[in-house]
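User: I would like to learn how to read a structure like this one, feature by feature. Could you walk me through it?

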Amino acid sequence: MDMSQPPGEAHRPDADGRAAIEISRVSKQFHDGEGGVVEAIRSTSLDIAEGDFVAIVGPSGCGKSTLLNMLGGFDSPSSGQILVDGKAIAGPDIQRGMVFQDYALFPWLSVLDNVTFGLKKSHSRSEARDEAMKWLELVGLKDFARKQPKHLSGGMKQRVAIARTFATDPRVILMDEPFGALDALTRRFLQQQLLKIWREHRKTVVFITHSVQEAVYLANRVVIMTARPGRIKLDEKIELAHPRKVTDPAFRDTEARIFEALDEELAKTFSLETSDGHAD
Ligand SMILES: Nc1ncnc2c1ncn2[C@@H]1O[C@H](COP(=O)(O)OP(=O)(O)OP(=O)(O)O)[C@@H](O)[C@H]1O
């Protein structure tokens with residue numbers, strides 16, 4: 001557990017040189033459409049090292065997706081800054097691949113064409129096809145290359161989305177509840193595949209989840225956010241060896257520590273929601 005920094009302050013990884021992603025005092029407000037302002041994130045700082053697998057957990061509405069969207073370049077901070085390799089994010093970039101909960105595949109394209117889509121500029125046609133097939137094989141969908149997404153189950157679509165993102169070889173993978181809509185068995189299978197890919201390719205991964213167990217199973221750092229406005233409540237290094245076992249006492253201890261921090265924030269979220277019907 002990193003207790004050396006107060007919550008909300010930058011976690012400085014003992015990396016040589018600067019972090020791959022530096023989030024510095026980022027705040028984000030939205031207009032609520034009724035003349036008011038929603039403060040989604042308040043002065044949040046976090047450094048993420050190259051090759052880190054960071055899971056972000058926090059109560060509903062605490063600003064996790066907002067933070068991820070800013071990392072993806074789909075939105076920008078109201079104040080503060082986010083640097084990737086020392087440069088401010090100017091917009092979406094192929095170097096930062098996103099995987100969403102709802103797959104976001106192109107329904108009119110075949111599975112293969114979905115995966116080759118992002119490779120067209122950088123690869124010849126046959127290279128793109130070979131690269132896409134390699135990733136489809138890795139996620140167990142080689143035989144479905146010619147199908148359209150509508151012929152696939154939810155878990156298969158998500159495997160296509162993962163193949164599509166990894167095929168473009170981004171340095172950073174941003175995943176927003178990617179397995180949230182899947183059944184437990186498919187989820188377990190995809191967690192194992194993702195870990196295998198991460199360990200072989202050492203991408204930097206930022207992964208949002210509502211599941212503490214999933215966070216501890218996958219990540220080497222679990223970041224807990226406070227109730228809205230989101231800040232960093234806890235930044236816990238997970239040093240359990242892989243393959244991790246959810247029944248292992250050390251796994252359970254880690255989970256319990258994270259739940260303790262999270263429970264306080266859940267209590268705040270739900271008491272605010274029940275007192276006046278809104279999260280304040
Ligand atoms: N585009 C927007 N316009 C107005 N308010 C927004 C917008 N995007 C997010 N918000 C508000 O910002 C807050 C944080 O939302 P966000 O989606 O980031 O939370 P979250 O932690 O990802 O939630 P969940 O876990 O439920 O998905 C919420 O109160 C939400 O209503």
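User: Let's begin with a single residue: where is the place of Lys 142?

Analyst: Helices (H or I, at least four residues) and strands (E, at least two) are DSSP runs, numbered from the N terminus. Here, Lys 142 sits in the loop between helix H3 (125-138) and H4. One thing to keep in mind is that this is a predicted model, where local features need pLDDT of at least 70, side-chain atom pairs count only at pLDDT 80 or more, and totals for chains, interfaces and linings use all residues. Residues are numbered from 1 along each chain as its sequence is written.

User: How do I read exposure, and how many other C-beta atoms lie within 10 Å of Lys 142?

Analyst: Count the neighbours: a residue is buried if 20 or more other C-beta atoms lie within 10 Å of its own, exposed if 12 or fewer, and partly exposed in between, with C-beta atoms placed from the backbone. Lys 142 has 14 such atoms, so it is partly exposed.

User: And which residues does Lys 142 touch?

Analyst: Two residues are in contact if their C-beta atoms, placed from the backbone, lie within 7 Å. Setting aside residues up to four places away in sequence, Lys 142 touches Met 133, Leu 136 and Glu 137. As for Phe 53, which is 89 residues apart from Lys 142 along the chain, the two C-alpha atoms are separated by 27 Å.

User: Now the whole chain. What does the radius of gyration tell me?

Analyst: It is taken over C-alpha atoms, and the globule rule is 2.2 Å times the number of residues to the power 0.38. With 280 residues, a compact globule would come out near 19 Å, and the chain's 19 Å agrees with that. The C-alpha trace spans about 55 × 50 × 45 Å along its principal axes, and 39% of the 280 residues count as buried.

User: How many helices and strands are there, and how do the strands form sheets?

Analyst: The chain has 7 helices and 10 strands. To read a sheet, look for paired strands, meaning that DSSP finds at least two bridges between them. One open sheet has 6 strands in the order S6-S7-S8-S3-S9-S10, with mixed pairing. Its edge strands are S6 (96-99) and S10 (232-237), each pairing on one side only. Strand S9 (residues 221-225) runs antiparallel to S10, joined by 5 bridges, and Val 222 stands opposite Glu 236 in S10.

User: What is the order of the open sheet of 4 strands?

Analyst: That sheet follows S2-S1-S4-S5, with antiparallel pairing. Strand S2 (37-48) and strand S5 (87-88) each have a single partner strand, so one side of each lacks a neighbour in the sheet. Strand S1 (residues 21-31) pairs with S2 in the antiparallel sense over 8 bridges. Helix H1 (residues 64-72) is mostly covered, with 7 of its 9 residues buried.

User: Which residues have the most contacts inside the largest nonpolar core?

Analyst: A nonpolar core is a set of buried Ala, Val, Leu, Ile, Met, Phe, Trp, Tyr and Cys residues joined through C-beta atoms within 7 Å. The largest one has 69 residues, and Val 54, Ala 163 and Phe 207 have the most contacts inside it. Helix H4 (residues 154-167) supplies the largest share of this core, 6 residues. Beyond four places in sequence, the contacts of Phe 207 include Phe 53, Val 54 and Met 175.

User: What should I look for in the backbone angles?

Analyst: Most residues other than glycine have a negative phi, and most peptide bonds are trans. Ser 43, in strand S2, has a positive phi near 35°. Asp 169 has a positive phi near 55°. The peptide bond from Arg 228 to Pro 229 is cis, with omega near 0°, and the bond from His 242 to Pro 243 is cis too, with omega near -5°.

User: Finally, where is confidence lowest and where is it highest?

Analyst: Read pLDDT, the predictor's confidence in each residue, from 0 to 100. The chain has a mean pLDDT of 87, and 90% of its residues reach 70 or more. In the chain, confidence is lowest in helix H7 (residues 249-276), at a mean of 83, and highest in strand S3 (residues 53-57), at 97. Over residues 1-15 the pLDDT is below 50, and over residues 275-280 it stays under 50.
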